[in-house]
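Here is a brisk tour of one protein model. Keep the sequence and the coordinates open while reading.

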Amino acid sequence: MVQLYNLHPFGSQQVVPCKLEPERFCGGGRDTLFVAAGCKVEAFTVVGQELCQPRCVFSTLGRVLRLAYSEAGDYLVAIEEKNKATFLRAYVNWRSKRTENSRVCIRMVGHDVEAPFSETFRDQMSIVEMPLSEAPLCISCCPVKGDLLVGCTNNLVLFSLKYQIINEEFSILDFERSLVIHIDNITPAEISFCVGYVAVMSELEVLIVKLESDPKNRESVNHHPHKTTNSTKQAEGISNETSQLESDDFVICQKPMELLGEKSKQSGISVTLESTGLADEKIKYFHVRHLLYRRFAPDISSCLLSDDVRLHSLQLLPIYQTGSLTSDRKNSSQEKVLLSLFCFFSLPHVGYLYMIVKSVELLSVYQYPEKSQQAVLTPQFLHVITSNNLQCYTVRCSAAAAREEDPYVDTTLKACPPISMDVCALRIQLFIGLKAICHFKNHVVLLTKADPETVPERRESPKRFLSRKGTSVNPKTPPVAEAGWNLYIVNTISPVQLYKEMVDYSNAYKTAKTQSCIHLLSEAHLLVRAALMDASQLEPGEKAELLEAFKESCGHLGDCYSRLETQHSHLALPYYKMSGLSMAEVLNRVDWAVEDGSQKYERGLIFYINHSLYENLDEELSEELSAKVVQMFYAAEPKQLPHILCSPSMKNIDPLTAIKYLRKLDTSGFSSVLVTLAKAAMALKMGDLDMHRNEMKSHSEMKLVCGFILEPRLLIQQRKGQIVPTEFAVHLKETQPGLLVASVLALQKNNKIGIEEADSFFKVLCGKDGDTIPQLLVDFWEAQLVACLPDVVLQELFFKLTSQYIWRLSKRQPPDTTPLRTSEDLINTCSHYGLINPWVNVLISSESLVDKNYMEDLSKLQLPSFHSWSHSQKILLLASVSMFCVIRV
C-alpha cells in the first residue's frame, strides 16, 4: 500500500543549455553535469538553483552508449561505438580541459608513464583506453573506492583504481585489470558495483553476490572458468529441454523465483573468479558468496507479450557511517566507512528495495500508478519517471541503517520508525514526454521530448523472455534528433524545508487523532535522519539546523504516541528522551482541558511520566505540575500513586493534596502498607507528628519493612548522582533506628541497594565524612552478620567490624549512639561470634575498665575467623590490643 501526500519536494528548475539532443547524461560530483550527444561530451557547472553554465567540451571516439562518473578518482568513463565496434575509455583530469581544442593525452591502461612527461599530464586531460576481449555492454563505478566494473556478454571485468607515482610531487590516476568474473547463463543488461558487492540484471533476472577476500578459501578461485559445475549442467539440461519443447504453438515460461542467501546458488547461474591482478595487490578476491537471486515471469495474461516488460534501473546504494565532515573534500570518499547497502530494481509497474549487508531482506515494494520508464534511488527518496510524471516516493534506508549502526536503537532511550511502515508518494509532478532521469547532490536531471512518437519496430517473439542469454542488450540506435526536447535540472528543496512542510501538513490530522499523523511525522523524522547520515553533503550550519529539526521531530512523535491510543504508545518515552525536552516541558504540551467532566489520559503519556519519575532525575516539578501529575495517576493508574509521590521530582507536591488522594485510595478499598507509609511521609513533611505516629502504628514493624522494600525511595534517593537520605529516614534514625537498619538490610537482601551504597547512606545520614564510622553503620554491619547475606564477603565484613572495635578501644572513643545489639545478643544469634577469650575476661574484670562500652567492644572481639586473616591483619589486631592494655595500665 502506498499513501499519497501532496507535498512539494521539488523546488525551482532550470534548463541545461545543450546544443544537441542529449543521448546520455550523468552527474559529476557536487557541481558538474555531463551530457553526451553525438561524438561530444559537454560538462556543465551547476551552482545554486539558478545557475547552469557550460564548463568544457571534449570529443569522444564515437557515439556514447553508456556514461558513468566516479567521485573517487574524479574520472568519467564511457562505452563508445564507432564503425559497429565498441570501446571503453576513461577520461581523467577532465577539469583541466579548458577549450575543445586543448591537447589531450591518450594512453593504454597499465602502461607506465615516464617522468619527463609529468608536467604534460599535470596540465591536460588524459584518456585511458581499456581493451577488452568481449564487447562492453554496461559499466559501474564503486562509489567508495572508485574501482570500475565492466559487464560483457559472458563475464564481468574489474579494473582497480590505482595511482602511478611519477615523482615525489606528482602521481597520475590509472587502472589495473585485476579480476574477471565469469558468469554463465545470464547476459548483463545492467550492473552495479560497490565495495565487493556485485549486482547483475538481465531482462527478467537479478543476481547479487559478494566478492570476499578471505585467504582461507583461496582454493575456490577458479583459473579455468570453463570447467562445468553441477548447477551449470543442470541449467544447460533445462535449457536444452526447453528448446526442444519450444515451437510456434507452445511457449515454456519459467516460474517466478526468489532465493535468498546460500539458497541463491540453486539458481543455475555459475559464478567463478579469475584473478588477473599483480601478486602484491592489497585486496584480492578469492571466493564468491551468493546473496540474492530473483527471477520474474513475463505477463502472459494477454495474447501478445509486450517487449517493454523487463527490469530496469538496477542500483546499489551505500549508506556510510555517520560522522563529522572532513576538511579535505577530495579525500572524503576514501575515508567513508560503509554502514549499510541497499539494492533497488524495478519492473514497469512495481519496484523492489532490498537490504543486503548483514542479511538479505526485502524492505519495500513500490506500486506505481502508471508504467515506469526509469528510477533513481537516493538516501532520502525514490524518484520515478513515467511518460508524463515525475514521482517522488519515500524510502526506508535510513531506518534500516540506523538499526545497523546501533542495534539498541529500539529501547527506552532511543527509537526509530519501523522499516515495515508503508511507503508514501510525496509528489506526482507533471512533465510532458519524460525520457530519462539521473540524480546528483540535490538535483534531479530530466530529459523530455514533446513528441514521444517513434517509428514502430518489429515486435520480437515472446520466446525472447524465456532464455537467460536472449538477444543482444546493446542499446538501440536512437532515432534522428527531433525538435521539442529539453534537459531540465529540478532542484529538490532542503530537507529542513520539506520537514517543516510535513509537520504543517500533519497538523490537519492532529485533532482527528489518527495514525496518519504518526505516519507523516515518521516520514519527516526519517527524512531528517537520512540527511544527517549523508554528512558528506552537509555544511556545518546545515548540520546544526538538521540536528535541531531532528530533536523537534522526536518531540512531535512523542506528542503523537502520548496522545493517541495505539499499541505502540510506549514509544512516547524514547522519542521524548531523544527530543531533549524536560519533563516539565512535556507536561506543558499536554492538553489538560476536561471534556464532559472527565479527563482521559492515554497510555503513552502515563508510561512516559511513570518511567521518568522512576528515574533519578535532577528535575523538580513545580507545585502546579506536581498536582496535575497526582490527578492524572489517580484517574489512570491509582496503584502507581504512592510510588510517584516518592519520586525526587515530586518534591514540591502539596502534602495536603497528596494525602487527599491517598485517602481516596483508602476509601475505594485500596489500602496497603505502601499507602500508609506514603501518608506517614506526607504527614512528616507538613509537620503533623501525631498523624505520622498513628500511621506508623497501624502496621507491624515487619509489614513496614515490606513497605520499604516495595518503595526504597521512601528512605533513599539519588540527586546528581549522590545518595541522599529522605526526611523519613532522618526521622527514623532518631525515633526507630532498629526499623531503619532492618529496612536497609532488607533492601540489600532484595538487591534494591548495593553494599557500598548502604555504607554511604549511613555515613551521610549520620553526618560523618571520610573514615569516621558512625555507630549506626556498625549496627548495620552486625545485622549483616546476623542475617548471613549471600552477597556479603564475610572476611571484609569481619575486618571492618574488628577494625572499628579496636579503633574505639585504642582511641578511648565511645559509640556516638547506643548500640542496637549487645555482645551477648550477637553471641546468641550469630554463629560468627564465639566464646569470650580468657584474656578478655581479665580485662573486663579490671576495675579500671569501668565504661560498659569498652567492655562491649572487647566482648565482640570474638570472631572465629581470626585464624584465616592475613598476617598484616593479625599484627594490626594484636598491636591494637597491646596498645589498649598499655594505655589502660
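## Aromatic cluster and pairs

Ring pairs join Phe296, Phe345, Tyr352 and Tyr354 into a cluster. One member also meets a charge: Arg294 sits over the face of Tyr352, at 4.4 Å from the ring centre. A second case of this kind involves Arg713, which lies over the face of Tyr614 at 4.6 Å from the ring centre. The model is predicted.

In total the structure holds 19 aromatic pairs. Phe34 and Trp94 make up one of them, with edge-to-face geometry: 4.8 Å centre to centre and 80° between the planes. This pair links distant parts of the chain, 60 residues apart. Phe34 belongs to strand β4 (residues 32-37), while Trp94 lies in the loop between β9 (85-92) and β10 (104-108). Both Phe34 and Trp94 are buried. Phe708 and Phe728 also pair edge-to-face, at 5.6 Å centre to centre and 70° between the planes. Here two helices are linked: Phe708 is in α15 (residues 701-710) and Phe728 is in α16 (residues 727-735), 20 residues apart. Phe708 and Phe728 are both buried.

## Overall build

The protein has 24 helices and 34 strands. It counts 889 residues, of which 51% are buried. Among contacts with a separation of 6 or more, 66% come from residues 24 or more positions apart. The exposed area is about 41500 Å². Carbon and sulfur atoms supply 52% of that area.

## Helix α10

Helix α10 covers residues 623-636. At 1.5 Å a residue, its 14 residues should span 20 Å, and the end C-alpha atoms are indeed 20 Å apart, so expectation and model agree.

Which residues of α10 are buried? They are Leu625, Ser626, Val629, Val630, Met632 and Phe633. Seen down the axis of α10, these buried residues fall within an arc of 160°, so they line one face of the helix. Glu624 and Ala635, on the other side of α10, are exposed.

## Helix α18 and its surroundings

Helix α18 spans residues 755-765. Its buried residues are Ala758, Asp759, Phe761, Phe762 and Leu765. They cover an arc of only 155° around the axis, which means that they sit on the same side of α18.

What do the buried residues of α18 pack against? Their partners include two strands, β33 (716-719) and β34 (722-725). Helices α16, α17 (737-749), α19 and α20 (794-811) are partners too. Helix α16 also carries Phe728 of the aromatic pair with Phe708. After α18 comes Gly767, with a positive phi near 70°.

## Two buried residues

Glu782 lies in helix α19 (residues 775-787), a helix against which the buried residues of α18 pack. Is Glu782 buried or exposed? Its relative accessibility is 0%, so Glu782 counts as buried. Beyond its neighbours within four places in sequence, Glu782 is in contact with Leu801, Tyr805, Arg821, Leu826, Tyr833 and Lys860. Two of these partners carry a positive-charge side chain by name, Arg821 and Lys860.

Tyr393 is placed in strand β28 (residues 389-394). With 1% relative accessibility, Tyr393 counts as buried. Its C-alpha atom is separated by 9.5 Å from that of Gln3, although the two residues are 390 residues apart along the chain.

## Positive phi outside glycine

Most residues other than glycine have a negative phi. Lys84 departs from that pattern, with a positive phi of about 65°. Lys84 is in the loop between β8 (75-82) and β9. At 82% relative accessibility, Lys84 counts as exposed, because the cut-off is over 50%.

Lys441 also has a positive phi, near 50°. Where is Lys441 found? It is in the loop between β30 (434-440) and β31 (443-449). Lys441 has a relative accessible area of 39%, so it counts as partly exposed.

Conventions
Residues numbered from 1 in each chain as written. Heavy atoms only, no water. Helix = DSSP H or I, 4+ residues; strand = E, 2+ residues; numbered from the N terminus. Buried < 20%, exposed > 50% of the residue type's maximum accessible area, 1.4 Å probe, protein only. Contact = heavy atoms within 4.5 Å. Areas by Shrake-Rupley, 256 points an atom, 1.4 Å probe, with all protein chains shown as cover. Expected span 1.5 Å × (residues − 1). Arc of directions from axis to C-beta. Phe/Tyr/Trp six-rings, centres within 6.5 Å; stacked < 30°, edge-to-face > 60°. Lys NZ or Arg CZ within 6 Å of the ring centre and 35° of its normal.
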